[in-house]
Amino acid sequence: MSMWHTWSFRIPLRADLDAVTLRVLEAVARDTAPAPEDLARLHPVVAHYLGNWTRLLTGEEPPFVGPPLRLSGHWSGDRVLAVDFSQHDDEFANGGYVLWAWALQLIARPGRGRVLIGHHAPDRDDLTWYPVVAGPDGVDEGRGRVLTWAEIERGWAEMLDDTSWATYPD
């Protein structure tokens, strides 16, 4: 049985987020193509999705009313990324999960308390949505498993070091 993983996030962005990532996010939010040299500096899977934002809406029916990615807080310095995306389970299993891992490592670490950053559903046709919460120890994916910040950083570093992604999505 096919499923459509679905995410809806409002992520407070890390203050130390690199300028290239911010430029790409700003371009996508404005519905303009990111600079090819900026996309080339991102993980190949992330570049694949952000290079054409309609790829974030796999299986959704057009017409679309604009990119499913928005940025706010530009002038205050407290930037927030709002993003919605969906992937077929085969797409997720074949590398799409990298987009999820990328989103996790963008999250600003809460100083104290817990922050609801969004929801995830294993299937968009199922009304079971799991809350995704960031806290001082890491991110609770909503199923009783907390990914620690160290696990998130280590996992992302491993994905960056893995050269097998260079030809994605081939």
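1. Let's start inside this predicted model. Strand S3 and helix H4 each supply at least two residues to the lining of the largest cavity. About 60 Å³ of space lies within that cavity, and the structure holds one cavity of 30 Å³ or more. If the idea of a cavity is new to you, rolling a probe the size of a water molecule over the atoms shows where empty space is left.

2. Which residues line the largest cavity? They are Leu50, Leu56, Leu69, Leu81, Val83, Phe85, Leu99, Trp102 and Ala103. Try sorting them by character: the lining has nine nonpolar residues, no polar ones and no charged ones.

3. Now step back to the sheet. Seven strands form an open sheet in the order S2-S3-S1-S4-S5-S6-S7, and their pairing is antiparallel. Strand S2 (69-72) and strand S7 (146-148) have a single partner strand each, so these two stand at the edges with one side lacking a neighbour in the sheet. On average, neighbouring strands of this sheet are turned by 15 degrees against each other, direction ignored. As background, strands of a sheet pair through backbone hydrogen bonds, either parallel or antiparallel.

4. Have a look at strand S1, which has two partners to follow. S1 is joined to S3 by nine bridges, with the two strands running antiparallel; here isoleucine 11 stands opposite leucine 81 in S3. Leucine 81 may look familiar, as Leu81 is among the residues lining the largest cavity. S1 is also joined to strand S4 (residues 115-121), by four bridges and again antiparallel, and serine 8 stands opposite histidine 119 in S4.

5. Towards the S7 edge, strand S6 (residues 138-140) and S7 run antiparallel and are joined by three bridges. A pair to find on screen is valine 139, which stands opposite leucine 147 in S7.

6. Two helices lie across the sheet strands. Helix H1 (residues 19-29) lies across S2 and strand S3 (80-88), and runs at about 115 degrees to S2. Helix H4 (residues 89-106) lies across strand S1 (4-12), S3, strand S5 (130-135), S6 and S7, running at about 170 degrees to S3.

7. Finally, the charged side chains. How many salt bridges are there? The count comes to seven. In one of them, the side chains of arginine 14 and glutamate 153 meet, with 2.7 Å from N to O. This pair links distant parts of the chain, 139 residues apart: arginine 14 is in the loop between S1 and H1, while glutamate 153 belongs to helix H5 (residues 149-161). Side chains of opposite charge can pair when their charged atoms come close.

Technical notes:
Residues are numbered from 1 along each chain as its sequence is written. This is a predicted model: local features need pLDDT of at least 70, side-chain atom pairs count only at pLDDT 80 or more; totals for chains, interfaces and linings use all residues. Side-chain values use heavy atoms; hydrogens and water are left out. Two strands pair if DSSP finds at least two bridges between them. Axes are lines fitted to C-alpha atoms, for helices over the stretch in contact, and angles run from 0 to 180 degrees between N-to-C directions. Contact means heavy atoms within 4.5 Å. On a 1 Å grid over the protein atoms alone, a cavity is a set of points where a 1.4 Å probe fits but cannot get out, and a pocket is an open set with protein on both sides within 12 Å along at least five of seven lines; lining residues have an atom within 4 Å of a point. Grid points are joined across faces, edges and corners, and a volume is the space filled by probe spheres set on the points. Ala, Val, Leu, Ile, Met, Phe, Trp, Tyr, Cys and Pro count as nonpolar, Asp, Glu, Lys and Arg as charged, and the others, Gly among them, as polar. A salt bridge is a side-chain nitrogen of Lys or Arg within 4 Å of a carboxyl oxygen of Asp or Glu.
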